[in-house]
Amino acid sequence: MLRGDAVCTSCHDRHDFPKVLTIGRTKHGTRADPNTPTCTSCHGESVEHRNVPREVAERPKPDIFAKSPPGLRDGACLNCHSGGKRVFWHSDTHPARGISCTACHEIHNGGHDAVLDRRTQPKVCLHCHKPEGVHLNRHEGKVICSDCHESHGSGGPAMMNRQTVNDTCFACHAEKRGPFVWSHQPVTENCTYCHAPHGSNIAGLLKVRVPFLCHECHEPGGSHRGGAPGFGIDPGATSGNNILFARGCMNCHTNIHGSNNPTNNTGSRIFTR
Ligand code: HEC
Ligand code: HEC
Ligand code: HEC
Ligand code: HEC
Ligand code: HEC
Ligand code: HEC
Ligand code: HEC
Ligand code: HEC
Ligand code: HEC
Ligand code: HEC
């Protein structure tokens, strides 16, 4: 009597289904591991399916196959993978929209599960998320979707893989965390007030060009009306003198993410030193 995988592989040999047995080359094929699944862990016992003689054309489907409802298919995976990163799976946007584990993971692909490979992962995500990552700019090639997003759900905003957007960015841009002696309020709140995490056509991954970016929150001119103190120019203007300055406001307000100058003087408070 055949047992384990053999009840299935007696028919699903290399010849009939060339890709099926490549699962042996994946982590799901590690025979030494007692937790390794057999065919029936994922497809169900499939008694009716397997008891029809080989040469019969019409046979019932296995208990679980590609077209089974997503919840049923995922349930088989979650029998073994409900812990770790999957603890938020049930509150994730993906299953709520009928996207199952195997929309991202390829099980019978000879050990190349594209979503686990940094080079091929964006392609898997972009299959459904066309507008994202059009140009990740300096992030391109260095940062991939899963550096910021927890695909299995995180409980955080936009499936960030840390608690907040900023914490996610700090994983690599720790110097922007501070604490600063003089902090710029929007920076401590959310990097995406100014930056487009998926890329932009503007240098520095900025959403809007400086000075317009600053003018979204600061009245053009402000206390500069009539000229920045001691400089005789009006950086609040959008043309004229300030176009001589390639980085506009940033020429003076260089430490836009916060200042660590300990002295309580104007320069520190306004991030020019
Ligand atoms: C007696 C031969 C035989 C046995 C034993 C057998 N299968 Fe199949 N299976 C087939 C054939 C033939 C097909 C393709 C035709 C069809 O879908 O009916 C198939 C199709 C499938 C499919 C694809 C279904 C689909 O439509 O997407 C899966 C999955 C599958 N089998 C899993 C299993 C599993 C798991 C076992 C062991 C529990 C098993 N089979 C045992 C003959 C068999
Ligand atoms: C870790 C879970 C898992 C294990 C173990 C597993 N499968 Fe599958 N299998 C799947 C999933 C998921 C699909 C459907 C792929 C998809 O959604 O496109 C599939 C698809 C198939 C198909 C259809 C493939 C095709 O080309 O149409 C067959 C046949 C099959 N499996 C047989 C087997 C056999 C035989 C075994 C044991 C040697 C096995 N599977 C082990 C998850 C598994
Ligand atoms: C019977 C238990 C069991 C079932 C069912 C199961 N897995 Fe696994 N899976 C394992 C084990 C054991 C490993 C290898 C050890 C590890 O990485 O945790 C593993 C590893 C993985 C990995 C990591 C592979 C790698 O190369 O690092 C992925 C992805 C995965 N499984 C997805 C799935 C999906 C999707 C399903 C459902 C279609 C599924 N598993 C069903 C036990 C299972
Ligand atoms: C939206 C795409 C996507 C979906 C849907 C998805 N995964 Fe993943 N999975 C990934 C990515 C990306 C990684 C690698 C990065 C990481 O570890 O977060 C991964 C890694 C894994 C790993 C190996 C690392 C680990 O956490 O142990 C396992 C196991 C796994 N997924 C299982 C599952 C299961 C089970 C489901 C369904 C309940 C599922 N995945 C659904 C994208 C996805
Ligand atoms: C099979 C299609 C599909 C694939 C593949 C896919 N997604 Fe999604 N994803 C969706 C759908 C549908 C939504 C629901 C929102 C929408 O319509 O855009 C979604 C939503 C999201 C959200 C927003 C969540 C929220 O709550 O705001 C993020 C982030 C996301 N996906 C990241 C990823 C990443 C990263 C990958 C690759 C590892 C990926 N997705 C792969 C279909 C997919
Ligand atoms: C540098 C971090 C980062 C990377 C890399 C990244 N994202 Fe995002 N993503 C975010 C942030 C932050 C948000 C929250 C929305 C916002 O404020 O712009 C988001 C939002 C999303 C959303 C929700 C819809 C939306 O646009 O608001 C989807 C879907 C998404 N990302 C998919 C992806 C995919 C797919 C990739 C890989 C091609 C990717 N992201 C790479 C940071 C990132
Ligand atoms: C996985 C690490 C990683 C994460 C997470 C990350 N970044 Fe980056 N970021 C980088 C790398 C690497 C560069 C390129 C540095 C270089 O080329 O000098 C970069 C560059 C940048 C730049 C400069 C772009 C330019 O064109 O000058 C900005 C702005 C930026 N990241 C913002 C963010 C924001 C906002 C987040 C969070 C939503 C974030 N990053 C998350 C690694 C990361
Ligand atoms: C008030 C708007 C604003 C906010 C909010 C903001 N930035 Fe920036 N960021 C800028 C500007 C302006 C530049 C300079 C672009 C240039 O020099 O062309 C910049 C440049 C950068 C750079 C590249 C140059 C450098 O200084 O390293 C990184 C990395 C960066 N920001 C990360 C972040 C992170 C992480 C956050 C959230 C903690 C954040 N930024 C929040 C406006 C902002
Ligand atoms: C998303 C809104 C927002 C954006 C965009 C923004 N800021 Fe601010 N900024 C603030 C807030 C809020 C404060 C704190 C105001 C307060 O404490 O009265 C602040 C404070 C400042 C201060 C210190 C002023 C003071 O009186 O303490 C300077 C200087 C400054 N911002 C310059 C800039 C520059 C230059 C830019 C463009 C690169 C910019 N900001 C973009 C919201 C923003
Ligand atoms: C030539 C240097 C210089 C340039 C360029 C410059 N600033 Fe300033 N800025 C200053 C100085 C000096 C102060 C301190 C004024 C004071 O409080 O006495 C200041 C103060 C500020 C303040 C805090 C006072 C207020 O008005 O609320 C903000 C906000 C500000 N600048 C925004 C900007 C923006 C936005 C730009 C670009 C359009 C810009 N600055 C360009 C030098 C400059």
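Visitor: In this predicted model, which atom of ligand 3 does a polar side-chain atom of K27 lie 3.4 Å from?

Guide: A contact of this kind is read as a pair of N or O atoms within 3.5 Å. Here, a polar side-chain atom of K27 is 3.4 Å from an oxygen atom of ligand 3. Two histidines may be read in the same manner: H28 places a polar side-chain atom 2.8 Å from a nitrogen atom of ligand 3, and H81 also has a polar side-chain atom 2.8 Å from a nitrogen atom of this ligand.

Visitor: Which elements give two or more residues to the shell around ligand 3?

Guide: They are α2, spanning 39-43, and α4, spanning 70-81. Helix α4 supplies the largest share, four residues. Of the 16 residues around the ligand, those that come nearest are H28, A76, C77, C80 and H81.

Visitor: How do the residues of that shell divide by character?

Guide: The shell around ligand 3 holds eight nonpolar, five polar and three charged residues.

Visitor: I now turn to ligand 1. Which residues coordinate its iron atom?

Guide: A metal site is read from its donor atoms, which are N, O and S atoms within 2.8 Å of a metal such as iron. For the iron atom of ligand 1, the NE2 atoms of H12 and H49 coordinate at 2.0 Å. This pair joins distant parts of the chain, 37 residues apart: H12 belongs to the loop between α1 (6-9) and α2, while H49 sits in helix α3, residues 47-51.

Visitor: Why is the arrangement around this iron atom octahedral?

Guide: Six donors count as octahedral if opposite donors are over 155 degrees apart and all others between 65 and 115. The six donor atoms around the iron atom of ligand 1 subtend angles of 87 to 177 degrees, and the arrangement is therefore octahedral.

Visitor: Is H49 buried or exposed?

Guide: Buried means under 20% relative accessible area. H49 has 17% and is therefore buried, whereas H12, with 23%, is partly exposed.

Visitor: How many residues surround ligand 5, and which are the closest?

Guide: The surroundings of ligand 5 comprise 16 residues, with T93, H94, C125, C128 and H129 the closest. A polar side-chain atom of H94 lies 2.8 Å from a nitrogen atom of ligand 5, and H129 likewise has one 2.8 Å from a nitrogen atom of the ligand. In the side chain of R97, an N or O atom is 3.2 Å from an oxygen atom of ligand 5. Two or more residues of this shell come from each of α5 (93-96), α6 (101-104) and α7 (121-126). By character, the shell around ligand 5 divides into 10 nonpolar, five polar and one charged.

Methods
Residues are numbered from 1 along each chain as its sequence is written. Chains are lettered from A and ligands numbered from 1 in the order in which they are written. This is a predicted model: local features need pLDDT of at least 70, side-chain atom pairs count only at pLDDT 80 or more; totals for chains, interfaces and linings use all residues. Side-chain values use heavy atoms; hydrogens and water are left out. A residue is near a molecule or strand if one of its heavy atoms lies within 4 Å of it. A polar contact is a pair of N or O atoms within 3.5 Å; within protein, one must be able to donate a hydrogen and the other to accept it, and residues adjacent in sequence count only if both atoms are side-chain atoms. Ala, Val, Leu, Ile, Met, Phe, Trp, Tyr, Cys and Pro count as nonpolar, Asp, Glu, Lys and Arg as charged, and the others, Gly among them, as polar. Donors are N, O and S atoms within 2.8 Å of the metal (3.2 Å for Na, K and Ca); water is not among the atoms, so sites may look incomplete. Four donors count as tetrahedral if all angles lie between 85 and 135 degrees; four count as square planar and six as octahedral if opposite donors are over 155 degrees apart and all others between 65 and 115; anything else is irregular. Buried means under 20% relative accessible area, exposed over 50%, partly exposed in between (1.4 Å probe, protein chains only).
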